[in-house]
Each structure stands twice: as structure tokens, then as C-alpha cells.
Amino acid sequence: MTTVRLNSADPVSFDTDALVVGFVSGPQGPRSSIEAVDGAFETALATVAFTGKAGELAKIPTFGAITAPLLVAVGLGDSADQEGLRRAAGAAVRSLAGTARAALALPATSAEEAEAVTLGGLLGAYDYSRYRTNGERRAPVAELDVLTSAGGSAERASIVADSVALVRDLVNTPPSDLWPAKFAEIAEQEGGKAGLSVEVLDEKQLKEGGYGGIVGVGQGSANPPRLVRLSYTHPEAAKTLAFVGKGITFDSGGLSLKPSSAMDWMKSDMGGAGAVFGALVAIARLGLKVNAVGYLCLAENLPSGTATRPSDVLTSYSGKTVEVLDTDAEGRLVLMDGIARAAEDDPDLIVDVATLTGAQIVALGWRTAGVMSNDDAVREHVVEVANSVGEGAWGMPLPEELRKGLDSPIADIANLQPERWGSMLAAGIFLKEFVPEGRRWAHIDMAGPAFNKGEPHGYTPKGGTGAITRTLIGLAERAATGLNK
């Protein structure tokens with residue numbers, strides 16, 4: 001656990017183990033906003049070919065030129081907006097894992113920029129070491145000071161970082177230690193601590209309640225499914241938001257079995273439910289003037305003699321019937337029940353979040369989520385909020401002509417179109433069928449952003465990223481202040 005403080009002390013004389021200083025690149029070479037640092041280390045930085053480009057790092061012993069024994073120079077590029085500051089702080093802190101004390105002296109001239117530096121540093125300090133026993137445990141920076149005279153508070157950044165870390169931990173947990181009932185238990189414990197009301201439906205209640213999608217996906221596993229409802233209310237709230245998260249704690253594809261190369265990271269298939277859970281915890285801790293409801297649609301998708309078969313027909317919570325053509329298109333089956341149930345809370349907006357399709361990665365890559373909606377203004381609002389907090393998102397259409405591909409000869413709709421083309425969009429069109437008429441809804445497909453299979457970058461670690469948690473918090477903050485669509 002990293003403790004963080006905002007401090008107006010002079011960076012040059014501040015007593016810490018490592019001082020992180022931001023440098024802007026330019027035609028005259030990299031330049032810092034701290035004049036004394038520029039003069040003392042210009043030659044040393046030139047020797048190691050440090051240019052100040054965004055994300056570049058150089059570590060220089062100070063030999064008494066400043067109080068801190070180690071200078072960490074981090075590049076900001078031509079300039080740094082809030083996301084640039086977050087990334088620079090995260091990359092620098094991540095490089096200092098195991099350091100007892102570090103201080104961040106980045107050019108934060110406003111309270112918002114100071115918070116961005118704080119949040120980036122805390123996100124960069126994350127490390128998942130639960131299962132390491134071979135001495136490779138990398139403790140995060142224990143004490144972090146953000147050196148700024150801009151004012152502000154570290155409280156919001158700390159709360160948001162805690163929630164993102166909670167989601168990352170869940171995504172990184174092996175499925176042997178995170179099955180639906182266990183996830184529900186964690187939600188009860190941590191949600192209760194945050195002041196959330198928590199309700200859990202077990203497999204018997206789900207069956208009796210008509211949740212055919214969640215039951216159908218989970219019936220092949222020895223670990224039965226769960227539906228968790230989290231709720232937060234504020235006496236001065238004028239708006240209600242409902243978030244619905246796909247929570248497949250492990251996805252083998254069911255009887256439509258995935259190849260092993262596509263299965264080894266499917267512990268992350270509960271990332272949508274994780275984001276909803278983390279966001280609700282943060283919303284409650286921040287005390288936002290909004291009502292928020294979260295649904296975690298939890299199941300384990302495995303093949304067995306009791307598993308749903310291709311060509312089976314499931315009856316959803318809404319009453320619509322679905323022909324299952326592919327059991328690996330299971331996320332939409334649990335979400336269809338969650339969306340229909342969330343509509344009964346009469347929210348002003350429903351947002352579902354899911355690691356839904358490989359087509360999202362094909363279309364938008366590993367770092368940009370696809371956003372679809374039944375309302376153009378809502379779609380653009382969600383995209384704007386996501387990008388404003390540093391979570392890449394891009395608006396996508398729901399072409400009417402793709403609906404025909406979901407026709408079924410024996411049920412109301414099929415869970416998969418026969419062609420691969422536009423399959424991310426077709427999944428959104430499928431979910432739209434379960435949104436009641438007149439209800440505003442957005443769908444976020446974050447199959448790629450939820451799990452970083454590559455090297456760490458900025459404040460993003462390898463493995464679980466906690467993606468879209470901050471977007472949902474941002475949507476709640478906008479709704480609480482009336483800046484919603």
C-alpha cells in the first residue's frame with residue numbers, strides 16, 4: 001500500500017530517496033521547469049542521450065547536487081496535458097518499485113493537474129504479487145510525495161486508484177481462486193465496507209426468477225452462477241445510473257471450445273463486472289450526489305454433460321427467446337438478463353461493460369474500447385468522458401442491416417450472426433434488443449483494453465488494467481453535477 005501526500009516543498013532540497021522531474025523536449029534539448037535541475041544535470045542527461053520524448057526515462061545519481069540521491073528524469077514530449085502527466089508519473093513510479101520514498105516534481109500548475117500526477121503515480125505503484133514465492137516480489141513505492149504549489153487534495157485520486165487496483169486484482173486472480181460465488185462473496189464484503197447495499201441471487205433463485213441467459217451459460221460448470229446487485233443512493237440525487245458488467249470468471253468457450261492460445265488469458269473475461277464493482281465502490285466512497293446501481297452477471301463457461309448446446313433455446317429475463325448458435329458468444333447471454341433487470345430500476349441511463357468480442361481488438365486494437373448506443377448523444381458523451389479520464393474509446397455505429405443476420409427460424413433472435421464481418425457491431429445490436437423502448441443505453445466493448453498482454457506502459461501494468469472503471473466513475477460524477485447527456 002502506497003501512502004501519498006501533496007507537498008509544496010522545494011524539490012531541490014526535499015529529503016527523499018528519489019526525485020522524479022519532468023522534462024519537455026525541444027530544439028535546445030530537454031528542459032525542466034526546475035531551473036536548478038536543468039543546470040546541474042544537463043551534461044549528464046546529454047551523456048545518456050535523454051531527449052525528453054514522452055515516456056522516456058533516465059536515472060542519474062545526484063552526487064549531492066540536490067538533496068535526493070537519485071534523479072529520475074521523465075520525458076513529457078512537447079508538452080503535457082493531464083493524461084501525459086498521469087502516464088509520466090506512472091512510468092516513473094513503476095521504475096522505482098522497491099524504493100521506500102519517492103517525490104514527483106512534474107509541472108502541475110492547477111489542482112486538476114496535481115490530481116492527475118497523484119493518480120498516475122498511485123496507478124504506477126501497482127504490483128500483483130500474491131502468488132510469488134521466488135524472491136521476485138516487487139514492493140511498490142511505500143511513500144509518495146507530489147511536490148506542487150497548485151493545491152488540491154489527494155483524496156479523490158487515492159479512492160479512484162484503490163478501486164482500479166481492486167479491479168486489477170480481480171482480473172489477475174486465477175479462476176481457481178475466483179469463481180462466481182467467490183466473486184459474489186468479495187462483492188458483499190468490500191461493497192458492504194464502502195456502504196453499498198448488496199443482494200446476491202444464487203443458481204436456484206436465478207432459475208426461479210427466469211434468468212435464462214445467466215443460468216444457461218453457467219450450467220456446464222460445477223461452480224454455479226450468481227447475479228449480484230449493488231446499489232448506492234444519495235438523498236440529494238437527481239439522476240440514477242445503472243451499470244451492468246459481464247462477469248465470466250473463466251471462459252473456455254463452452255462446448256464451442258476455444259483453442260488453447262485464446263483461452264490462457266480468459267480469467268480476464270470478468271473485467272466488465274470488475275469495472276462495475278470498482279466503480280460502485282468508488283462512487284460510494286466519494287459520496288457522489290447520484291443514485292447508482294450495478295449488476296454483476298457472474299458465470300463460468302465450461303463444457304460438460306450439463307452445458308448448453310449449440311442449437312439450444314434459452315428464455316431470457318425479458319421473456320424473449322434466444323437460439324444459441326455458438327456457446328462462445330456467452331457474454332451477451334448473461335448481459336441480456338442484466339440489462340433487462342437493470343431497466344426495472346428506472347435509470348436515466350444503462351451502461352453495460354464487457355470483454356465481449358475479439359472483433360473489438362481487430363477493429364480498434366488493444367487500447368481503445370468500442371462504444372455503441374441507441375442514442376447518438378449518449379454515445380458521444382460516453383466517448384468524451386472515457387477519453388477525458390485517459391481511457392481510450394471510439395464511437396461505433398449499430399447498422400440496421402446487420403440485424404437480419406441475427407434472425408432465428410425457431411426463436412426470437414439468435415446469439416450470433418453467421419458472418420464474421422461487423423461482429424462487434426452485431427453483438428451490440430443483439431444487446432439493444434433487450435433494452436426497453438425509450439430507455440437510454442450504451443454498450444462498451446473493452447475486450448482488448450481490459451488485459452495488457454504486452455509490456456507495461458505509462459501507469460498500465462502487464463495483466464489486468466482496471467479499464468473503464470474510471471470512465472464509469474466519470475459518468476457518475478457528470479450525472480451528479482448535471483453535466484450528463
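1. Contacts of aspartate 251. In this predicted model, aspartate 251 is in contact with Lys258, Met263, Met266, Asp269, Asn301, Asp328 and Glu330, when its neighbours within four places in sequence are left aside. The residue belongs to strand S10. Its relative accessibility is 2%, and aspartate 251 therefore counts as buried, the limit being under 20%. A polar atom of its side chain also lies 2.9 Å from the backbone nitrogen of glycine 253.

2. A recorded site of three residues. An unreviewed UniProt entry applies the annotation "binding site" to Asp251, Asp328 and Glu330. These residues span 80 residues in sequence, yet no two of their C-alpha atoms are more than 8.6 Å apart, so they gather at one spot. Two of the contacts of aspartate 251 named above, Asp328 and Glu330, belong to this set.

3. A recorded site of four residues. The unreviewed UniProt entry also lists Lys246, Asp251, Asp269 and Glu330 under "binding site". Although they are spread over 85 residues of sequence, they cluster in space, with a largest C-alpha distance of 11.4 Å. Asp251 and Glu330 appear in this list and also in the set of point 2.

4. Aspartate 269. Where does aspartate 269 lie? Its place is the loop between strand S10 (240-251) and helix H8 (271-286). Is aspartate 269 buried or exposed? With a relative accessible area of 3%, under the 20% limit, aspartate 269 is buried because so little of its area is accessible. Apart from neighbours within four places in sequence, its contacts are Lys246, Gly247, Ile248, Asp251, Glu330 and Thr355. Among them are Lys246, Asp251 and Glu330, which UniProt lists together with Asp269.

5. Glutamate 330. This residue is found in the loop between strand S13 (321-323) and helix H9 (331-343). Glutamate 330 has a relative accessible area of 1% and is buried. Not counting residues up to four places away in sequence, glutamate 330 touches Val217, Lys246, Ile248, Asp251, Asp269 and Asn301. Lys246 and Ile248 are thus in contact with glutamate 330 and also with aspartate 269. Asn301, in turn, is in contact with glutamate 330 and with aspartate 251.

6. The open sheet that includes S13. Strand S13, named in point 5 as one boundary of a loop, takes part in an open sheet of 3 strands in the order S12-S13-S17, with mixed pairing. Strand S12 (313-315) and strand S17 (413-414) are the edge strands, each pairing on one side only. S12 and S13 run antiparallel and are joined by 3 bridges. In this pairing, leucine 314 stands opposite valine 322 in S13.

7. The enclosed strand S18. How many residues of strand S18 (residues 441-445) are buried? The count is 5 of the 5, so the strand is largely enclosed by the rest of the structure. Both faces are covered: Trp441, His443 and Asp445 are buried on one side, and Ala442 and Ile444 are buried on the other.

8. The strands paired with S18. Strand S14 (residues 349-354) runs parallel to S18 and is joined to it by 5 bridges. Strand S15 (residues 369-373) is joined to S18 by 4 bridges, and these two strands run antiparallel. Which residue of S18 is the bridge partner of aspartate 352? The partner is histidine 443. Histidine 443 is also the bridge partner of methionine 372, and its side of S18 is one of the two covered faces described in point 7.

Conventions:
Residues numbered from 1 in each chain as written. Predicted model: local features only at pLDDT ≥ 70, side-chain atom pairs only at ≥ 80, totals over all residues. Heavy atoms only, no water. UniProt positions renumbered as here; feature names shortened; annotations may be inferred. Buried < 20%, exposed > 50% of the residue type's maximum accessible area, 1.4 Å probe, protein only. Contact = heavy atoms within 4.5 Å. Polar contact = N/O pair within 3.5 Å; in protein donor to acceptor, adjacent residues only side chain to side chain. Pairing = 2+ DSSP bridges.
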